Amino acid sequence: MNNLIHKYVEVWNTQQVERLSNIFSQIATYKDFLQEGNAINVLSTSIKETAQAFPDVSFEILTLIKGSTDNLLVLEWLMGGTNKGPFFGTEPTHKKVQIFGVDIIQVKDERISAIRSFYDSNQFTTQLGM
């Protein structure tokens with residue numbers, strides 16, 4: 001299962017969204033406080049938009065632990081990047097951000113079946129001076 005999570009993070013770092021279908025089940029779900037829906041669809045859009053706003057976006061795995069059941073993982077991550085493109089309708093600030101977050105990930109049949117992501121979106125606006 002750890003290998004699966006590393007592949008997921010690698011998609012964020014390379015923006016190779018076409019690889020999501022090899023990592024997620026077709027009916028996998030994704031949810032954070034801004035968006036929810038089919039994981040492949042939501043994440044494809046989110047990864048592309050994030051990379052446009054932060055072309056040097058990078059995700060780092062800080063902690064990866066097994067949850068209370070064999071099919072549950074908790075991923076603590078750090079996202080970093082420099083705002084060089086429009087972000088939420090504002091012009092680029094050229095400032096760097098570091099955002100911490102946690103994903104609760106369910107795995108079924110060797111594919112991610114659900115992600116619930118938690119992070120403080122105010123970190124973006126504060127660090128970008130918006």
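**View 1. The two faces of strand β5 in this predicted model.** Let's start with a strand that has two distinct sides. One face of β5 is covered and holds Val 97, Ile 99, Gly 101, Asp 103, Ile 105 and Val 107. The other face is uncovered, and there you will find Lys 96, Gln 98, Phe 100, Val 102, Ile 104, Gln 106 and Lys 108. A general rule helps in reading these two lists: in a regular strand the side chains alternate between the two faces of the sheet.

**View 2. Strand β5 and its partners, β4 and β6.** Strands of a sheet pair through backbone hydrogen bonds, either parallel or antiparallel. Strand β4 (residues 72-82) and strand β5 (residues 96-108) pair in the antiparallel sense, with eleven bridges between them. To follow this pairing, look for Leu 75, whose bridge partner in β5 is Asp 103, and for Gly 80, whose bridge partner in β5 is Gln 98. The pairing of β5 with β6 is antiparallel too, over eight bridges. Here Gln 106 has Ala 114 in β6 as its bridge partner. Two residues sit between the strands in the hairpin of β5 and β6, where Asp 109 takes a positive phi near 55°.

**View 3. The whole sheet, strand by strand.** Now step back to see six strands forming an open sheet with mixed pairing, in the order β2-β1-β6-β5-β4-β3. Which strands stand at the edges? They are β2 (36-38) and β3 (58-66); each has a single partner strand, so one side of each is left without a neighbour in the sheet. From one strand to the next, the twist averages 20°. Helix α1 (residues 2-14) lies across β1 (24-31), β3, β4, β5 and β6 (111-119), and runs at about 165° to β3.

**View 4. Helix α3 and its buried residues.** Helix α3 (residues 39-53) lies across β1, β2 and β4, at about 60° to β1. The helix has 15 residues and reaches 21 Å from its first C-alpha to its last, close to the 21 Å expected. At its N-terminal end, Asn 38 acts as a cap, with a side-chain oxygen 3.1 Å from the backbone nitrogen of Ile 40. The buried residues of α3 include Ile 40, Val 42, Leu 43 and Ile 47. As a group, the buried residues of this helix pack against α1, α2 (20-23), β1, β2 and β4. Is Ser 44 buried or exposed? Ser 44, a residue of α3, has a relative accessible area of 15% and is buried, because the cut-off for buried is under 20%. Leaving aside residues up to four places away in sequence, Ser 44 touches Val 17, Leu 20 and Ala 39.

**View 5. Aromatic rings that meet in pairs.** A pair of aromatic rings is described by the distance of the centres and the angle of the planes. The model has eight aromatic pairs. One of them joins Tyr 8 and Phe 24 edge-to-face, 5.5 Å centre to centre with 80° between the planes. Tyr 8 lies in helix α1 and Phe 24 in strand β1, so this pair ties together parts 16 residues apart in sequence. Tyr 8 is buried at 3% relative accessibility, and Phe 24 is buried at 0%. Phe 33 and Tyr 119 also form an edge-to-face pair, at 5.4 Å and 65°. This pair links distant parts of the chain, with Phe 33 in the loop between β1 and β2 and Tyr 119 in strand β6, 86 residues apart. Phe 33 is partly exposed, at 45% relative accessible area. Ring pairs also link Trp 12, Phe 33, Phe 59, Trp 77 and Tyr 119 into a cluster.

Technical notes. Residues are numbered from 1 along each chain as its sequence is written. This is a predicted model: local features need pLDDT of at least 70, side-chain atom pairs count only at pLDDT 80 or more; totals for chains, interfaces and linings use all residues. Side-chain values use heavy atoms; hydrogens and water are left out. Two strands pair if DSSP finds at least two bridges between them. Helices (H or I, at least four residues) and strands (E, at least two) are DSSP runs, numbered from the N terminus. Axes are lines fitted to C-alpha atoms, for helices over the stretch in contact, and angles run from 0 to 180 degrees between N-to-C directions. Contact means heavy atoms within 4.5 Å. Buried means under 20% relative accessible area, exposed over 50%, partly exposed in between (1.4 Å probe, protein chains only). The expected span of a helix is 1.5 Å times one less than its number of residues. A polar contact is a pair of N or O atoms within 3.5 Å; within protein, one must be able to donate a hydrogen and the other to accept it, and residues adjacent in sequence count only if both atoms are side-chain atoms. Rings of Phe, Tyr and Trp (its six-membered ring) pair if their centres lie within 6.5 Å; planes under 30 degrees apart count as stacked, over 60 as edge-to-face and the rest as tilted.
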